[in-house]
Amino acid sequence: MRVEAWALRRGLPPGAPLRRTGRGPARATRVAAGYRDTAALAVAGIAGGLVPTLRTGDVVVATEVRRAGVRGGAPVPCPAAPMIAEALRRRGLTVHTGPVVTSRRLVDGRMRDRLAATGALAVDTESAALLAGAAGRPTACVRVVADVPPHPLYRPATLGRVTAALRVLPEIAPALVEWAEATTARQVVLASPRSFCAGVERAISTVEQALDRHGPPVYVRKQIVHNAHVIADLQRRGAVFVDELTEIPDGALTVLSAHGVAPAVRDAAAERGLPVIDATCPLVTKVHSEARRFVGRGNTVLLIGHAGHEETEGTLGEAPGRIALVESVRDAERIEVADPDRVSYLVQTTLAVDEVAGVLDVLRRRFPALTGPSSDDICYATTNRQAALREVAAVADVVLVLGSENSSNSRRLVEVTERGGTPAYLVDDVDAVDLRWLAGVRTIGVTAGASAPPRLVDETVAALTGLGADAVREHTTRTEDVHFTLPKEIRTS
């Protein structure tokens, strides 16, 4: 309608292409015929809410647009909805994502109830007709809710709700501009290997098996792996995550996380008689064994790692006072040891290979007698994911890394990419992708840290197709076939 176009124009930059269609599917169908050559098409305006959880002024970003009462009519997908929704939330708006349905007439009463029963969130009279011919092009549909159930549509108060919705329309326009500027994407390149490694799969399976066999609650000291989605899923199933053993009730089944613990933690659990299942990654267990072996020789052990990470805390706890943490080249230049001829080094398993190389160069120069593990401490999964991403980053304009902020291996992937000169962003999921990062890009690299579920990659790739990326290419540098057996407590219980 004219008033919708006026409101949207207030939020758009001068010269932005905006076309008023008029109300109703017939007008929309005629207007849509003039847009067959456009590169991308967004529909915006006000709509009626179908579910009582919506409020006047809320924004609905369509995941798909349906046509009411048309059998066999395929919905029009809007894959970029999560990223548009995030752009709107960033502006302080209340945003919902879900289906929008188009009706031939205004909807009220029982018809509103019937449409709500289909799962649709909002209803309008134009979107499906406008987007019907947009197959193969980036499409978006954003509607501001005016009338909402249970209020009847045909009442004077509806006019006030329409006015309130129109006030919100200018605020959605900048997000649509961000989406339009990102519709230059043409290719997604997936780094492989990516996502779960054998140690992470083992740790998650340990908690799942414990829940299946013993029932909830199962207590886990620290996060089993560093990923918000994994933690939330296990919490829904009955896992309880705590920071310290003191938070666990007497006799409760306890799982130790994949990152390992200091011997003092095991001793404390034994003193309390807690039944313990150890989900420590076998590659972390290897580092702990090496620490004990080197200390047993009378060596000072220099642990290359990051302060505060659970893995480093566990390794340092193997021999307090005999193991020193080295975080950087600067630390390596300053560290002093009791006997320079009796020095060994170990490495946190999730560090970047090139990051460690610089520190080791300094330590070897300062301590010529320095000895290390017989094989690299940096785990195969960390090395493989970094190597694959370096090659992907070389051909990408930008890289998205799926993983949580507290995931060391995920953060290293970002750092490796940036050191190669390609912008990279760490995101928990597709909802956190900022469209501004993708403006003008053509090739987007995607990977996931070793603790990030594969589905997060699938969801992100699906959303990127909503920006025009019509080619998805897998770049594989190595095939992984590593598997770890479950902890003995699970195998024998």
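**Exercise 1. The sheet containing β10**

Task: Determine how strand β10 is joined to β11 in this predicted model, and place both strands in their sheet.

Solution.
Step 1. Strand β10 covers residues 254-256, and 3 bridges connect this strand to β11, with the two running parallel.
Step 2. One individual pair can be located: valine 255 has isoleucine 277 in β11 as its bridge partner.
Step 3. The wider sheet is open and consists of 4 strands, in the order β9-β8-β10-β11, with parallel pairing. Its edges are formed by β9 (239-242) and β11 (276-278), each of which pairs on one side only.
Step 4. On average, neighbouring strands of this sheet are turned by 25° against each other, direction ignored.
Step 5. As background, the strands of a sheet pair through backbone hydrogen bonds, in either a parallel or an antiparallel manner.

**Exercise 2. The surroundings of strand β15**

Task: Establish whether the residues of strand β15 are buried or exposed, and identify which strands pair with β15.

Solution.
Step 1. Strand β15 comprises residues 398-402; because 5 of its 5 residues are buried, the strand is largely enclosed by the rest of the structure.
Step 2. Consider the directions of the side chains. Val398, Leu400 and Leu402 point one way from β15, while Val399 and Val401 point the other way, and all are buried. In a regular strand, side chains alternate between the two faces of the sheet.
Step 3. β15 pairs with β17 in the parallel sense over 5 bridges; here valine 398 has isoleucine 444 as its bridge partner.
Step 4. β15 also pairs with strand β16 (residues 424-427), in the parallel sense and over 4 bridges. In this pairing, valine 401 has leucine 426 as its bridge partner.

**Exercise 3. Annotated residues and the largest cavity**

Task: State which residues carry the UniProt feature "binding site", and describe the setting of two of them, His226 and Ser451.

Solution.
Step 1. According to the unreviewed UniProt entry, the feature "binding site" falls at His226, His259, His309, Ser407, Ser408, Asn409 and Ser451. Of these residues, the lining of the largest cavity includes His226, His259, His309, Ser407, Ser408, Asn409 and Ser451.
Step 2. Histidine 226 is located in the loop between β8 (218-221) and α8 (228-237). Its relative accessible area is 7%, and since buried means under 20%, histidine 226 is classed as buried.
Step 3. Not counting residues up to four places away in sequence, histidine 226 touches several residues, among them His259, His309 and Ser407. Its side chain is also joined to that of glutamate 310 by a polar contact of 3.2 Å.
Step 4. Serine 451 lies in the loop between β17 (443-448) and α16 (454-464). With a relative accessible area of 4%, serine 451 is buried.
Step 5. The residues that serine 451 touches, not counting those up to four places away in sequence, include Phe196, His226, Ser407 and Asn409. The side chain of serine 451 reaches the backbone oxygen of histidine 226 at 3.1 Å.

**Exercise 4. The protein as a whole**

Task: Describe the secondary structure, extent and burial of the protein.

Solution.
Step 1. The secondary structure amounts to 17 helices and 18 strands.
Step 2. Along its principal axes, the C-alpha trace spans about 85 × 50 × 35 Å.
Step 3. Of the 493 residues, 53% are buried.
Step 4. Take the contacts between residues at least 6 apart in sequence: 78% of these join residues at least 24 apart.

Key:
Residues numbered from 1 in each chain as written. Predicted model: local features only at pLDDT ≥ 70, side-chain atom pairs only at ≥ 80, totals over all residues. Heavy atoms only, no water. Pairing = 2+ DSSP bridges. Axes fitted to C-alpha atoms, helices over the stretch in contact; angles between N-to-C directions. UniProt positions renumbered as here; feature names shortened; annotations may be inferred. 1 Å grid on protein atoms, 1.4 Å probe; cavity = no way out; pocket = protein on both sides within 12 Å on 5 of 7 lines; lining within 4 Å. Buried < 20%, exposed > 50% of the residue type's maximum accessible area, 1.4 Å probe, protein only. Contact = heavy atoms within 4.5 Å. Polar contact = N/O pair within 3.5 Å; in protein donor to acceptor, adjacent residues only side chain to side chain.
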